[in-house]
Amino acid sequence: MVRECWFCGEAAPPSWHDHVLGLHKDADTTMTPWIVVLRSTWRMEIVSVPRCARCHTGHQIERTAAVLALAALIAYAASGQLDRLLGILSSSTGERVVAAVWAAVACLPGLAWIAIRLGRLPWQRLAPRRMGYARHHPEYLELRADGWKPRAGPLHYWRSPPNPHHPPPANRPRRLIGGSFELLGAACGLAVPLAYFTGYEELAGVLIAATAGLLFVASKIKPED
Ligand SMILES: [Zn+2]
């Protein structure tokens with residue numbers, strides 16, 4: 001039987017493109033003797049939801065759009081434009097118009113993200129179904145019905161379990177591009193307080209967005225870590 005991608009139905013052999021879901025059960029927290037340290041134990045189970053390369057890319061694009069949308073809003077507020085728009089900072093009509101234009105720009109990544117989630121963008125690279133659809137996979141539902149709880153562990157355990165398949169080693173140009181994005185992102189991050197405290201608040205806002213965007217893209221370009 002052909003293993004089909006859960007998100008689009010194309011053939012998808014087991015690979016690191018699979019979307020790995022974690023579940024846990026029988027969480028128990030005990031006090032260790034003598035030293036007061038809480039120790040949690042639980043059982044973990046993982047479900048590898050078949051996913052093809054295309055849907056993997058599509059889901060990464062969706063997550064990138066989400067990160068950019070959030071970064072744009074934070075950058076907008078941090079740059080002082082929000083205060084100007086709301087009239088908290090005294091501002092002229094001209095400045096308010098500029099603030100309103102920037103507000104529209106800051107909302108663009110958010111709109112793109114919503115369009116992707118609703119499947120409104122006619123772009124081949126996007127996955128037909130979004131990542132959350134993995135939780136409708138029969139294997140996952142069966143475990144849930146069996147008393148397994150979502151996530152790989154209790155409490156603050158939000159990380160996804162590791163994919164048993166390792167990503168292919170990144171080739172040299174890819175590593176170089178990823179490395180330069182990382183460097184650029186770090187440089188932007190360092191420049192944020194500089195710009196802020198020297199009175200260039202708008203620039204600081206743009207730099208916050210640039211830092212988040214660059215570091216996130218770098219992490220996707222260099223998938224081995
Ligand atoms: Zn697919």
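Arg151 lies in the loop between strand S3 and helix H5 (172-197), and this residue is a useful place to enter what is a predicted model. Although Arg151 is not a glycine, its phi is positive, at about 75 degrees. The points below take up this backbone feature and a second one like it, then the open sheet of three strands, and finally the packing of helix H1 (residues 53-78) with helix H3 (residues 93-117).

**Backbone angles**

- Most residues other than glycine have a negative phi.
- Arg151, with its positive phi of about 75 degrees, is partly exposed, because 17 other C-beta atoms lie within 10 Å, a count that falls between the limits of 12 or fewer for exposed and 20 or more for buried.
- Asp26, which is likewise not a glycine, has a positive phi near 55 degrees, and the place of this residue is in strand S1.
- Asp26 has 11 other C-beta atoms within 10 Å and is therefore exposed, since 12 or fewer is the limit for that class.

**The sheet**

- The three strands form an open sheet in the order S2-S1-S3, and their pairing is antiparallel.
- Strand S2 (38-49) and strand S3 (149-150) are the edge strands, each of them pairing on one side only.
- Strand S1 (residues 19-31) pairs with S3 in the antiparallel sense over two bridges, and His24 stands opposite Lys149 in S3.
- Helix H4 (residues 138-145) packs on this sheet, where it touches S1 and S2, and the direction of H4 makes about 150 degrees with that of S2.

**The helix pair H1 and H3**

- Helix H1 and helix H3 pack at an angle of about 160 degrees, and their axes are 8 Å apart.
- Because angles over 145 degrees count as roughly antiparallel, H1 is roughly antiparallel to H3, and the crossing of the two helices is left-handed.
- On the H1 side, the residues that meet H3 include Ile61, Ala65, Leu68, Leu73 and Tyr76, while on the H3 side those that meet H1 include Trp102, Ala106, Pro109, Trp113 and Ile116.
- Sorted by class, the contact of H1 with H3 has 15 nonpolar residues, one polar residue and two charged residues; Glu62 in H1, together with Gly110 and Arg117 in H3, is among the residues that meet there.

Methods: Residues are numbered from 1 along each chain as its sequence is written. This is a predicted model: local features need pLDDT of at least 70, side-chain atom pairs count only at pLDDT 80 or more; totals for chains, interfaces and linings use all residues. Two strands pair if DSSP finds at least two bridges between them. Helices (H or I, at least four residues) and strands (E, at least two) are DSSP runs, numbered from the N terminus. Two residues are in contact if their C-beta atoms, placed from the backbone, lie within 7 Å. Axes are lines fitted to C-alpha atoms, for helices over the stretch in contact, and angles run from 0 to 180 degrees between N-to-C directions. Angles under 35 degrees count as roughly parallel, over 145 as roughly antiparallel, 65 to 115 as roughly perpendicular and the rest as oblique. A crossing is left-handed if the near helix is turned anticlockwise from the far one by less than a right angle, and right-handed if clockwise. Ala, Val, Leu, Ile, Met, Phe, Trp, Tyr, Cys and Pro count as nonpolar, Asp, Glu, Lys and Arg as charged, and the others, Gly among them, as polar.
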